[in-house]
Amino acid sequence: MPQLAYHAPGTIDEAVRLLLASPEARPLAGGTDLIVQMRSGRIAPSAIIDLKKIAGMTGVRRIAEGFAIGAATPCTALKEDAALLAAWPGVVEAANLIGSVQVRNRATIAGNLCNASPAADSVPALVAAGATCVIAGPDGEREVPVGQLPVAPGRSTLGPGEFVVEIRLPPRPRRGGDAYLRSIPRTEMDIAVVGAGTALVLDADGSCTAARIAVGAVAPTVLLVEAAGAALVGTRLDEDALATMAEAVRAACRPIDDKRGPAAYRTAMAGVLARRVVKIAAQRTEITR
Amino acid sequence: MNAPQPQHAFRVVGTRPVRPDGVDKVTGKAIYGPDFVAPGMLYGAILRSPHAHARIRSIGTSKASALPGVKAVATGRDFPTIESLVMTVGESASDIVHVARNCLALDKVLYEGHAVAAVAATSQAAADAAIQAITVDYDVLPHVLGLEEAMREGAPLLHDDVFTKGVSPKPDKPSNASMKVVIERGDIDAALAGAAAVASGRYTMEPVHQGYIEPHGCVASWNADGQAQIWCSSQGAFAVRSQVASMLGIAQADLRVTPLEIGGGFGGKTAVYLEPVAMLLSRKAGRPVRLVMSRGDVFRATGPAPGAVIDVRLGADADGKLVGADIEFKYHGGAYPGLNAHSGVICSIGHYNVPNARLIGWEVLGNRPASKAYRAPGAPQVNFAVESAMDEIALQLGIDPIELRLRNAVRPGDPQPTGVPFGAIGYVECLEAAKAHRHWSAPLGPNQGRGLAGGFWGNYGGPSTAQVSITEDGSVTVTTGSPDIGGSRASMAMMAAETLQVPYEQVRVTIADTAAIGFSMVTGGSRVTFATGKAVIAAASQVVDTLKARAARIWGVEPGEVAWTDGEAVCSSGAKAGERMTLRQVAARAAHAGGPISAEAALNAAGWLPGFAVHICDVEADAETGHVRVLRYTAVQDVGRAIHPDYVEGQIQGGAVQGIGWALNETYVYNADGRLDNPGFLDYRMPVASDLPMIEAVMVEVPNPDHPYGVKGVGEVPIVPPLAAVANAVARAAGVRLRDLPLSPDRVYAALNAR
Amino acid sequence: MNYPAMNKLVISATVNGDAESFLCDPGTTLLDALRTELGLTGTKEGCGSGDCGACTVMLDGAMVCSCLVLAAEAEGMAIHTIEGVAEGGALHPVQAKFLELGALQCGFCTPGFIVAAKALLERHPDPSETEIRYWLAGNLCRCTGYDKIIRAVIEAGAELRQERKAPELGTQDRQRLVSDPSDSTDRGALATIEDAALSDAAFEGEAAAAKVVGNEPHPTEIEP
């Protein structure tokens, strides 16, 4: 039987040391995935390293490059940060689709990312927004695009002793807009059958100058579909452009059949949701002009 | 419809007082199955099969037994040898040998999650660790899940001693088809050949779970002298007593079962799973043992309602009069026989007059948990097919769906499926109320559709015991043995108060243990307010007689000269004419004027009447995604008379929503290895609050003349119509008829795109 | 979680206003600690995975599933459970309305609903029906179909606003209870909350009280 230990270090260095000391140690932020996995027997960590006592790990900060969201910041706190909500409503909404209010009062977007589920709601929105994550480890800190962290369901590029300390979002571009939608059978409490996020920028005439489309639950990791974004750039998001974009999204999908939905449905919905998020994001560019 | 009945006809019946157990339940004080603690209690854990079907070669328990804190280990070998005995519990009948094998497997495991061994230890952590140390050597066998696959020649056979019941001559080969029920009348083939409209189709669904939020839990304590106690949440402490006593070979009087508060059951807590195992562990350890299921255990190992394959041909003449029904359904029995296929046959077209019919029901075993009762067990599945076919006939003939049903609805005096004439039933009144309801004529928007379905459930009466006592200060205690699963303490108190003509608050109700009150059948079959209510009223009536006699004795007059009026004794003639004595005054002197005042009624309640319901559902379908949203829902039901209308409405609303969940999202999903893929509330998708509109409950009161206050059972029929009501609404909103439940977005989308 | 008893932690926290200390294993959830170590069995376990809300408690003012919090994480924090909702002998208006409107049947999910509903009304004194439904989406009830629960929360909100001497709340307030399309907050679920057609159905509920009544029962003998 494993000997479980609980630690609540006060510094990042101490946390790194504790994680390095025990290969089966797991960092704990919100715990809404970790504790469920422990209970189900899927994982049996030797130690739990609670990150919440580390200064700066909880809360949203304004930084020169935009926003820094501490790894232990619960999803509901994102909604309460008016500037973040105004800048990245799609990201904040995506984070606030996870589970219930009870779950979102604990769950974090860093945890959502590190859990490396292809169906994670916040990840397509973060990828579309061009978010990065700052990773602390034995060799200090490194910053990578969030899309580079998960590599397969349940697996990430985090090395020994490494953990995510914060997620960074750029400032909102002028005339930028973002959005995220997911398809679930119920209205709440489900894991996404498909999710789609976008962040785009229009010029003063309504022509698209930049667009990123990311889809979830249609491949082993969240996909950034560059061809889909490219299909919108230079257009006024007319019907033809949307159709080309949706086709590119569908072409990129390689989903599986599982208990949550059949592959064909997932592919079809990825296209539908991508169209819908682009329309919502485009409306939001007007609001923030 | 008649004019509304004046309220003054009753003092208490029909009012909405606060339930007597309410404060305990809103403050967290109420003790449910997993909450009970006995002094010196050990914590139990159960090892369950990872395989859908396997022979157990051996079970190694020595390592587990040696772990620190472990006080007992039990396997199926610890059960005594017992003789086959079919016990009827609520709505299903099971062989007690099968019940024991289901509690702990003996030679074979028959489904993933089948209990194999159990441990009791000084902490939950120690018990959980110990079951991991048990080694089981399995010989994995091929498994079978599908109904028609299981009936095929050469299919993996679950039992070599189960032969198809209901077939004569008795088959000479064992079969997974454990039961066949047939009802035939008239000439079905000729009738359908001559019909103006025929709706035919195959309807399917996988099992669904009752979904009570409280997992099963119990504490058992078996002493060296052979006497034992069990504290558990169940729909019937007496059923726990009889099953456990039979399985363990002890006298029922040696086993005292105390009902704890029950956190939902819906039929699923009429079965025993943990209690016999906790008993075995307690006997070995010499201490009380608690066993509680995880949610995963509940999904994997406790009774779901059967999935089904249903073939229907329904025919009507040009006026919409039904001429024939040809129905054959196969229901999952799961690992052991015990489901009653009879109710599905009876309920299939029980609400219509159909001259020619061939109704065939099968129970088919497979490597799944044994099916158990779930609210109107067996009725919703076949009703889905029949009421969908009714909708198709309405569309084919261009007849309004309510009008079509009115032309065929059973009325008092019409023959029941068993041939006995119906009593004072209210299906027609329900249909008329639905027609008159503004929901039925409200406008619909684009992509919206309105579905309607009717439903029938037989209800039940049966044995119950109740005691009514007057305390020295004139307050009243009522004691029954019927677990209160949804507010029945209130209705018992109300009926007692009505009979005694005293205020509701003067009456308090206790649900007693099996040693403190005589037998009552389980809380199920929509029987408690009817049957246990009859016992309460009978006992209260005896108490009234006693009160009158005591007053007569105190006054020195003949008992016939005393009336009971407004909760007081009134002397009606003689020298004391006009004198009054309050209940409190009689009570204060009773003990020394004839003895304490208490009465018990033990009866087998007859005269129950079936339940009828008509549901109207509006949905909106998103044609791009296949998502269906229920916009508006109205459930009309003949409730006899509502004793406590809040809790009657609650039954209607709760049943409707369970049915909506069944229609839209709920389903068991097994993988290729026969393992349940969605054993939790995340992926077994029960409706959440944001999925639903308000559910309007319309109570139609056609009182039951065979109950003093007109009661009919109300709990079960509300789950019968929703499956078809939702599906019919989807058919009309989206223009596609789906015959496979659930109507998940991907299926609706696929159907829309297949047009 | 399959960890044998070992180096126990001593946790100190405020529980329903009282300072408490208890022992627990590092892997013990707050739910198990409350139920087993502190005997507070009003907080229920329905799933152990955050999907049913029966274990809802307040942790430093935020409602959480106590099955998804380690007891060790609660060190130094303020925990409020169902046992602390009624003050002294007086029920909280949410509790009182649940009783008055019959918003519980088996009662097992009730503690979680009451803690969650109280948290909602403290944050949003005047939520719409739709807001209530989404706020409570993490609390499963299998008995009631939610109808009476939603009504009880609506009425408890109205009562709390009265208590706070809020502006007059009359019929307008009742009407606000009806799902308002303007409540839509652009949720990500596809089945969005904009569906306006709720409006006619909701709170015709009064019609539910208008019974359709048929024949009188015949007086019959009571069975022996």
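## Chain A, its contact with chain B, and two crossing helices of chain C

Mentor: In this predicted model, 58% of the 289 residues of chain A count as buried.

Trainee: What makes a residue of chain A count as buried?

Mentor: A residue is called buried if 20 or more other C-beta atoms lie within 10 Å of its own. Of the 289 residues of chain A, 58% meet that cut-off.

Trainee: How do you know whether the radius of gyration of chain A agrees with that of a compact globule?

Mentor: The globule rule is 2.2 Å times the number of residues to the power 0.38. For 289 residues a compact globule would come out near 19 Å, and chain A has 19 Å, so the value agrees. Along the principal axes, the C-alpha trace of chain A spans about 60 × 45 × 35 Å.

Trainee: What secondary structure does chain A have, and what share of its contacts with a separation of 6 or more joins residues 24 or more positions apart?

Mentor: Chain A has eleven helices and 14 strands. Of its contacts with a separation of 6 or more, 64% are between residues 24 or more positions apart.

Trainee: How many residues does each side give to the contact of chain A with chain B?

Mentor: Chain A gives 17 residues and chain B gives 17 residues. On the side of chain A, helix H11 (residues 263-287) has the largest share, with four residues. That side divides into nine nonpolar, three polar and five charged residues.

Trainee: And how many residues of chain C and chain B are in contact?

Mentor: There, 74 residues of chain C are in contact with 91 residues of chain B. H2(C) gives the most to the side of chain C, four residues. The residues of that side divide into 39 nonpolar, 20 polar and 15 charged.

Trainee: Why is H2(C) called oblique to H5(C)?

Mentor: Their axes come within 8 Å and cross at roughly 135°. Angles over 145 degrees count as roughly antiparallel and 65 to 115 as roughly perpendicular. An angle of roughly 135° falls in neither range, so H2(C) is oblique to H5(C). The crossing is right-handed.

Trainee: Which residues meet where H2(C) and H5(C) are in contact?

Mentor: Pro93(C), Val94(C), Lys97(C) and Phe98(C) in H2(C) meet residues of H5(C), among them Ala152(C), Val153(C), Glu155(C) and Leu160(C). The residues of this contact divide into seven nonpolar, no polar and three charged.

Trainee: What makes Lys97(C) and Glu155(C) count as charged?

Mentor: Lys and Glu are in the charged class, along with Asp and Arg.

How values were computed
Residues numbered from 1 in each chain as written. Chains lettered and ligands numbered in written order. Predicted model: local features only at pLDDT ≥ 70, side-chain atom pairs only at ≥ 80, totals over all residues. Contact = placed C-beta atoms within 7 Å. Helix = DSSP H or I, 4+ residues; strand = E, 2+ residues; numbered from the N terminus. Buried ≥ 20, exposed ≤ 12 C-beta atoms within 10 Å, placed from the backbone. Axes fitted to C-alpha atoms, helices over the stretch in contact; angles between N-to-C directions. Parallel < 35°, antiparallel > 145°, perpendicular 65-115°, else oblique. Left-handed = near helix turned anticlockwise from the far one by under 90°.
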